[in-house]
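New to this one? Take a minute to look over the sequence and turn the structure around before reading on.

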Amino acid sequence: MRLPVFQPFRRGSIAAGSAICIGTDMKNILFVASEAVPFIKTGGLADVVGSLPKYFDKNEYDVRVVLPKYLSMPWHFTERLEFIAYFYMEIGYQNKYVGVFKLVHDGITFYFIDNEAYFGGAKPYGDIKFDLEKFSYFSRAALCILPVVGFRPDIVHCHDWQTGLVPVYMKDSFRGGEFYQNMKSIMTIHNLKFQGIYDIKTIRRISGLSDYYFTSDKLKVYDDANLLKGGIAYADYVTTVSNTYAEEIKTEFFGEGLEGLMCARSNSLCGIVNGIDYNEYNPETDWRIPFKYNAVNFRKEKWKNKTDLQQQLGLEVNQHKFMIGLVSRLTDQKGLDLIACVMDEICSDDVQFVILGTGEERYENMFRYYDWKYGNRVSANIYYSEDMSHKVYAACDAFLMPSLFEPCGLSQLMSLRYGTVPIVRETGGLKDTVEPYNQYESTGTGFSFANYNAHEMLAAIRYAKHVYYNDKRGWNKIVDRGMAADFSWTTSARKYENLYNWLLGW
């Protein structure tokens, strides 16, 4: 296919200082994603795309982000957008309008692609067929806008299935010409379960790709086409969000039908653990929690958050009571079927259990029932609130994450930051970030269990409770090590910089 030809219409000219960057020492990186904080968020993907670019060395890396311009974006951001240009783009034998806007936020340049027919809904995602069409459009538009905005990336870093066609287009109609020549691509898998699958005829029509791309070694999976598979097959390098998950997805259980492709790409596949914003998640400065504390004084100050939350939720007010927290989507993936099996046994022990989140109706009702049954021990908060989540992280002694699978997980990183000891299953990022407690060597930052088994989970909970009540010094040392661990975005950014340098041969 030929490179699309378009004539952009500008208000005035391209903004000053946006001259095309070619042949400089600066490494140009473009993040392409469907969401990013603070503009739009439905999950952890938004945290990664919105936070990670801020932590690269700005003397070496110019990292910019391109997003859809959703109508549901907060107005105080929308009114600050600077119009750059518009043009018409050929895709699937149609000409589509592409508007381009720009906003510099926290020192990072964000580009927004405007088309209200695609991005004008109340939510970023909806009907899968329509989502496939709009993100095929978005993937192509993200490449088309680059000469218009005057930014030539050395690496286009794509995130999840919504951008899976970007590496495909880069090897197809954007392959020729000086501007796109030698441009590299990285595909990051945040959750392999979501792939962007539909029938071949529909994907071929909306993407404008030829029959060549719909074979088993490319986009085809059985009788359907798979956007994420295309991105994995055509990207120069593939990453996922933890080392363990990178190994797990090569197996049938975790591979979601793509384990063969992941094994084939194993020489260009690695895992880099996500981070969290240590400024936002900081118990010493967090305005959302009533009592501030740090790694030095948590023994004297952290418990005050517990008694405050106990009073707020109607639990027995007792600073010495072992309190377990759970902040999660209430779904099978999060291991809630294990909790359902032994909830009575958990509640019959000398513990308190605080739940925050929404999800499947059966789990919402289960926690409501146990809240009614064990009123002074269980508090089921079936909603989500960022303010309340911080209070739970700060107040609880332990944090439960018994996930069936967890590509990375952020909640365990937040709990470590707040001195709340994680109890996790050894899978994905949970295994990579939580070191099991070893009382004989005085090591470890939490408690873990290996098999997906309810009573193995219960044993880990009871062991943690035993240490809390009977070895307070050992417990405090676990908290010390957890709060000293560094899972900030700075650590993740250095690893991505090493990958970019290797990929570019620098």
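Here is a short tour of a predicted model, going from its open and closed spaces to a few strands, a tryptophan and the cysteines.

## The largest pocket

Let's start with the empty space. Rolling a probe the size of a water molecule over the atoms shows where empty space is left. In this model, the largest pocket has a volume of about 1,300 Å³. Its lining takes in 43 residues, and the ones nearest the centre are Thr-42, Gly-43, Gly-44, Leu-45 and Arg-329.

Which elements help build that lining? At least two residues each come from helices H1 (44-51), H4 (128-144), H15 (386-395) and H16 (411-417), along with strands E14 (322-327) and E17 (398-401). Sorted by class, the lining of the largest pocket has 18 nonpolar, 16 polar and 9 charged residues.

## The closed cavities

Now for the spaces with no way out. There are 3 cavities of 30 Å³ or more, and the largest cavity holds about 60 Å³ of space. Around the largest cavity sit Ile-91, Gly-92, Gln-94, Lys-96, Tyr-118, Glu-133, Tyr-137, Arg-205 and Ile-206. Strand E5 (94-105), helix H4 and helix H7 (200-207) each give two or more residues to that lining. By class, the lining of the largest cavity comes to 4 nonpolar, 2 polar and 3 charged residues.

Helix H4 is worth a second look: it supplies residues to the lining of the largest pocket and also to that of the largest cavity.

## Strand E3 and its neighbours

Is strand E3 (residues 61-68) mostly covered or mostly uncovered? It's mostly covered, with 8 of its 8 residues buried. Tyr-61, Val-63, Val-65 and Leu-67 point one way from the strand, while Asp-62, Arg-64, Val-66 and Pro-68 point the other way.

E3 pairs with two strands discussed here. Strand E2 (residues 27-32) runs parallel to E3 and is joined to it by 6 bridges, with Val-32 standing opposite Val-66. Strand E6 (residues 108-114) also runs parallel to E3, this time through 4 bridges, and here Val-66 stands opposite Tyr-111. Helix H1, which we met at the pocket, turns up again in this region: E2, H1 and E3 make a right-handed β-α-β unit.

## Strand E16, helix H14 and a tryptophan

Strand E16 (residues 378-381) is covered on both faces. Val-378 and Ala-380 lie on one side, Ser-379 and Asn-381 on the other, and all are buried. E16 pairs with strand E15 (residues 351-356) in the parallel sense over 4 bridges, and Leu-356 has Asn-381 as its bridge partner. Add helix H14 and you get another right-handed β-α-β unit, made of E15, H14 and E16.

Helix H14 (residues 361-373) is also where you'll find Trp-372. Why does Trp-372 count as exposed? Because its relative accessibility is 66%, and exposed means over 50%. From Trp-372 to Ala-459 it's 87 residues in sequence and 25 Å in space, C-alpha to C-alpha.

## Cysteines without a bond

A disulfide is a covalent bond between the sulfur atoms of two cysteines. How many are found in the whole structure? The search finds 0 disulfides. Take Cys-270: its closest cysteine sulfur is the one in Cys-408, and at 13 Å that's too far for a bond, since a disulfide needs the sulfurs within 2.5 Å. Cys-408 is in no disulfide either, with the sulfur of Cys-270 as its nearest at 13 Å. Cys-408 also counts as buried, because its relative accessibility is 4%, and buried means under 20%.

Key:
Residues numbered from 1 in each chain as written. Predicted model: local features only at pLDDT ≥ 70, side-chain atom pairs only at ≥ 80, totals over all residues. Heavy atoms only, no water. 1 Å grid on protein atoms, 1.4 Å probe; cavity = no way out; pocket = protein on both sides within 12 Å on 5 of 7 lines; lining within 4 Å. Points joined across faces, edges and corners; volume = space filled by probe spheres on them. Nonpolar A, V, L, I, M, F, W, Y, C, P; charged D, E, K, R; others polar. Buried < 20%, exposed > 50% of the residue type's maximum accessible area, 1.4 Å probe, protein only. Pairing = 2+ DSSP bridges. Right-handed = clockwise from strand over helix to strand, strands pointing away.
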